[in-house]
Every structure is written in structure tokens, then in C-alpha cells.
Amino acid sequence: MPQTPPFSAMFDSSGYNRNLYQSAEDSCGGLNYHDNNLLSGSLEALIQHLVPNVDYYPDNQIRKIAPKILQLLTEWTETFPYDFRDERMMRNLKDLAHRIASGEETYRKNVQQMIQCLIRKLAALSQYEEVLAKISSTSTDRLTVIRTKPQSIQRDIITVCSDPYTLAQQLTHIELERLNYIGPEEFVQAFVQKDPLDNDKSCYSERKKTRNLEAYVEWFNRLSYLVATEICMPVKKKHRARMIEYFIDVARECFNIGNFNSLMAIISGMNMSPVSRLKKTWAKVKTAKFDVLEHQMDPSSNFYNYRTALRGAAQRSLTAHSSREKIVIPFFSLLIKDIYFLNEGCANRLPNGHVNFEKFWELAKQVSEFMTWKQVECPFERDRKILQYLLTVPVFSEDSLYLASYESEGPENHIEKDRWKSLRSSLLGRV
């Protein structure tokens, strides 16, 4: 079968080489090679290259090709199980599997094991999506809950979990669980609605779901709003300052763990306008540690500091001696952005009409790295009480956050005063 070149053959130390295809040395049947690795080719030549012939399968008997087909189907169902949520795909898989299993007993057992493993994965996915839907359907603005049931919310995050290190570990549980359910094909479906090799033809009769990817982005937003809510809730200034310092410690431990997504969500929540405007509160906070964290996640120079820290965490993961050292949870929105711009910024075809393999190698490289990170099992003990709070406690809406902020520290100018009056009227029914 055609050989897939190793990434090291495609990328030098400088990373993505946009001009690599120009140095192709050999051409054979419409396919270009560099150092014996396939580099580009016309779609027709690639298809012809994949068609079985005497070189690939000297003997066309099913007994000979069955192991290859079974290996392909096994890798497909393990790597892209969500493809088989489509009834037509599952039906075709079972039909082909039945033809393979009609041969030897060994194949029959392997086929049965493959199908059962796939069904378990799809059942777990359906159960997970049901949980997400239930959480989403019960979400309520915290201000509404306080007005209707003022005694129902007496707790804050510190009363639920006083140790910031423990909270960082529970956040990592949530991150890894949600990452684990994101299929690699969701990255493709998020950006590609038409055939990536032909802009005139529709590739899908109906677009596949990207629910798990979207749910993970929603989790980031929820965590940011939860942080802002917990800071704006306390009536006393010293309690708000204590809450800020608590989240700084949580964010710092997230950085140490390698949980960059929770780290960025916490920083985003603390930088929301309703929080950042609390100048009297911030005056009581020791911000040195927060300044260091902000520096690490500074967006300047295309997040250079963060990308350096991420490479360090990835290298640590490769040489890990413990489960904790394997954890790498990237800032997900930036990962999505990188993949989006790579997909949009590089042509699918070269000027000569050949498929731009270099682009797809780089896309595969980024998604494959993510796939490795998401399979890490969380080494920390689960605390159901803390997890329940993080996932289900009501949070303030943006308007409620501003109202709580103005109630804590009054408006400083006419614009803020007008907004405060408007929010009190609309949210509280007061003038």
C-alpha cells in the first residue's frame, strides 16, 4: 500500500516549510516524491495509486486481503468511531465485516471484538451528550435564583473547596473528560462544509455534528463567568479580594499541572470588565502572582510565551515518569484558531493542480498531537461534590455581573450611572 511519510521527513526544525513541494526530485505517474516520500499528485493519480493491483495484492483471494481490510477497519473504528453514528456507515461496516468473518475463525473473533468496541464507544458518547443536554437545560441566571429563592444560594466556591490545589485538580478532571469525547473529525467538520478538494461539489448531504467540540468551548465560557460571578457576589470588599487571591492560586496550579485551558478561562474571568473595574477590591490584592500568569498567557507575538510553555509541557509529557507529568491541556480556542487559519490560509491544491500534501500533513500533525493529549487519564481523585458545583451552580449573565459590580463599587461616571439605573430597573424592578 502507499507509504505515509513520517512527520520528521516533512518538517525540518523550522517547522512548516511552504516551499518544500518545489524541491521534488522524482515524478512517477503524476505523483511527486521527495526523499522517497509522496509529496503531491493529481487526484486522479492518487486514486489510481490506491487501487489494488498485482503489486499490492499478488493474490486476490479474500483469504489474503482479509487481514489488511480488517486492520483498516479496526484503525478506522478506533480513530474515527463517530463516523459510524450514521446508520448507512454502520450497515456497510457490518456487511463488510460479515464477509470477512465468513473466512477463518480468527477473523470472526476479531470482527466481533471490533464491532463490540465500537458499539460501546458510541453508547458512551450518547450517554455523555445526554448529560450535557441535561446540564444545559437546567442552566439559570444566578440573579434569578437569588431573587426567587434567596436562601438557596448561601455557598460560594471556597466553602465547597477551600483548597485551590484541589480545585485545579477537579478542573483538570472536567477538561480531560470533555477533551476525550472530541473526535478528530470534528475539527474537519467545524471548518469544511464542502469537498476540501473541489469547491463546486457538496461533500456531505448533511453536515456532521460538532457538538462535543462546541460543548468544550461552552465550558470555557462557563468557567470564565463562574470566576467572575464568585468574585462579584460577596458584599464585603475583603471577601472579594480573598476570592481573587483564591483564583490566582487555582490558576497558578493549573499552569503547574499543564491545564492551560482552565488557566486561560480563569484569567479571562478575572479580566472581565465587571471584575476589572473593582479598583478598591484590587487594591487589597497581592497581584504579583497574577502578573506572572498574565505574562505567561500574554497574546502579544501570537501568544509566544504560552506557546513556549506549551512546548515545554509537551516535551515533559513525552518523557513523563508519572501520570501527572503526561497532562497537556492546550488553550483550546487558540488551537481551533491555528487549525482554522492553516485550513483557510493554505490552498488545497498547488498551482499545477496537485493535492497540497504539505498542508494536510501539517493539519494531521496538529490534530494527531491533540489526540495524544486527550487520551491521558486524569491521575487525581474525583470529588463529586466539587464537580457538581463547578458544572451546575448558576452563574451571572453579563448584565447581572455588571449590576453586582455596580452594587459593590458604585458607578464612576455618567455612562456607568445610566447603565446602573437601567440594570436596576430591568433586573430588579427598581428605580
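# Close-up views of a predicted model

**Figure 1. Salt bridges in the predicted model.** Counting a salt bridge wherever a side-chain nitrogen of Lys or Arg comes within 4 Å of a carboxyl oxygen of Asp or Glu, we end up with 11 salt bridges. Keep in mind that this is a predicted model. The protein chain has 431 residues, and 44% of them count as buried. Its secondary structure is made up of 21 helices and four strands. Here's a handy way to think about how the chain folds back on itself: take the contacts with a separation of 6 or more, and 73% of them are between residues 24 or more positions apart. The next three views each show one of the salt bridges.

**Figure 2. Glu129 pairs up with Arg85.** The two side chains meet in a salt bridge, with N to O at 3.0 Å. Glu129 sits in helix α5 (residues 105-137), while Arg85 belongs to the loop between α3 and α4, so this pair ties together parts that are 44 residues apart in sequence. How buried or exposed are the partners? Glu129 counts as buried because its relative accessibility is 16%, under the 20% limit. Arg85 is partly exposed, with a relative accessible area of 33%.

**Figure 3. Arg277 meets Glu416.** This salt bridge has an N to O distance of 3.3 Å. Arg277 is in the loop between α13 (273-276) and α14 (279-282), and Glu416 is in helix α21 (residues 414-428), so the pair ties together parts that are 139 residues apart in sequence. Both Arg277 and Glu416 are buried.

**Figure 4. Arg419 and Asp399 link two helices.** Here the side chains of Arg419 and Asp399 form a salt bridge, at 3.7 Å from N to O. Arg419 is in helix α21 and Asp399 in helix α20 (residues 398-408), so to speak two distant parts of the chain, 20 residues apart. Arg419 counts as partly exposed, at 30% relative accessibility. Asp399 also counts as partly exposed, at 35%.

**Figure 5. Glu175, a buried charge without a salt bridge.** Glu175 is part of helix α8 (residues 164-180). What makes this one a bit of a puzzle is that Glu175 is buried yet has no salt bridge. The nearest side chain of opposite charge is Arg178, and that is 8.0 Å away. What does the side chain of Glu175 meet in a polar contact? Look at Trp219: the two side chains are joined by a polar contact of 2.9 Å. Setting aside neighbours within four places in sequence, Glu175 is in contact with Tyr216, Trp219, Asn259, Asn261, Ser262 and Ile329.

**Figure 6. Tyr82, tucked into a loop.** You'll find Tyr82 in the loop between α3 (62-79) and α4 (87-101). Buried or exposed? Tyr82 is buried, with a relative accessible area of 15%. The side chain of Tyr82 reaches the backbone oxygen of Tyr181 at 2.8 Å. Not counting neighbours within four places in sequence, the contacts of Tyr82 include Leu122, Leu125, Asn180, Ile182 and Asn212. Leu125 is 43 residues along the chain from Tyr82, and their C-alpha atoms are separated by 8.7 Å.

**Figure 7. The β2–β3 hairpin.** Strands β2 (residues 31-34) and β3 (residues 37-41) pair in the antiparallel sense over four bridges. One bridge to pick out joins Asn32 to its partner Ser40 in β3. The two strands form a hairpin with two residues between them, and Asp35 in the turn has a positive phi of about 55 degrees. In a regular strand, side chains alternate between the two faces of the sheet. Along β2, Leu31 and Tyr33 point one way, whereas Asn32 and His34 point the other way, and all of these are buried.

**Figure 8. Two nonpolar cores.** The largest nonpolar core holds 82 residues. Leu167, Phe187, Phe247, Met270 and Phe332 have the most contacts inside it. A second, separate core has 21 residues, including Leu73, Ala97, Ile100 and Tyr107. Zooming in on Phe247, and skipping residues up to four places away in sequence, you can see Phe247 touching Ile157, Leu167, Val227, Glu230, Ile231, Ile266 and Met270.

**Figure 9. Leu350 and Ser42.** Leu350 lies in the loop between α17 (332-345) and β4 (355-356). Leu350 counts as buried, at 8% relative accessibility. Although Leu350 and Ser42 are 308 residues apart along the chain, their C-alpha atoms are separated by 9.5 Å.

Methods: Residues are numbered from 1 along each chain as its sequence is written. This is a predicted model: local features need pLDDT of at least 70, side-chain atom pairs count only at pLDDT 80 or more; totals for chains, interfaces and linings use all residues. Side-chain values use heavy atoms; hydrogens and water are left out. Buried means under 20% relative accessible area, exposed over 50%, partly exposed in between (1.4 Å probe, protein chains only). Contact means heavy atoms within 4.5 Å. A polar contact is a pair of N or O atoms within 3.5 Å; within protein, one must be able to donate a hydrogen and the other to accept it, and residues adjacent in sequence count only if both atoms are side-chain atoms. Two strands pair if DSSP finds at least two bridges between them. Lys and Arg count as positive and Asp and Glu as negative; His and the chain ends are not counted. A nonpolar core is a set of buried Ala, Val, Leu, Ile, Met, Phe, Trp, Tyr and Cys residues joined through side-chain atoms within 4.5 Å.
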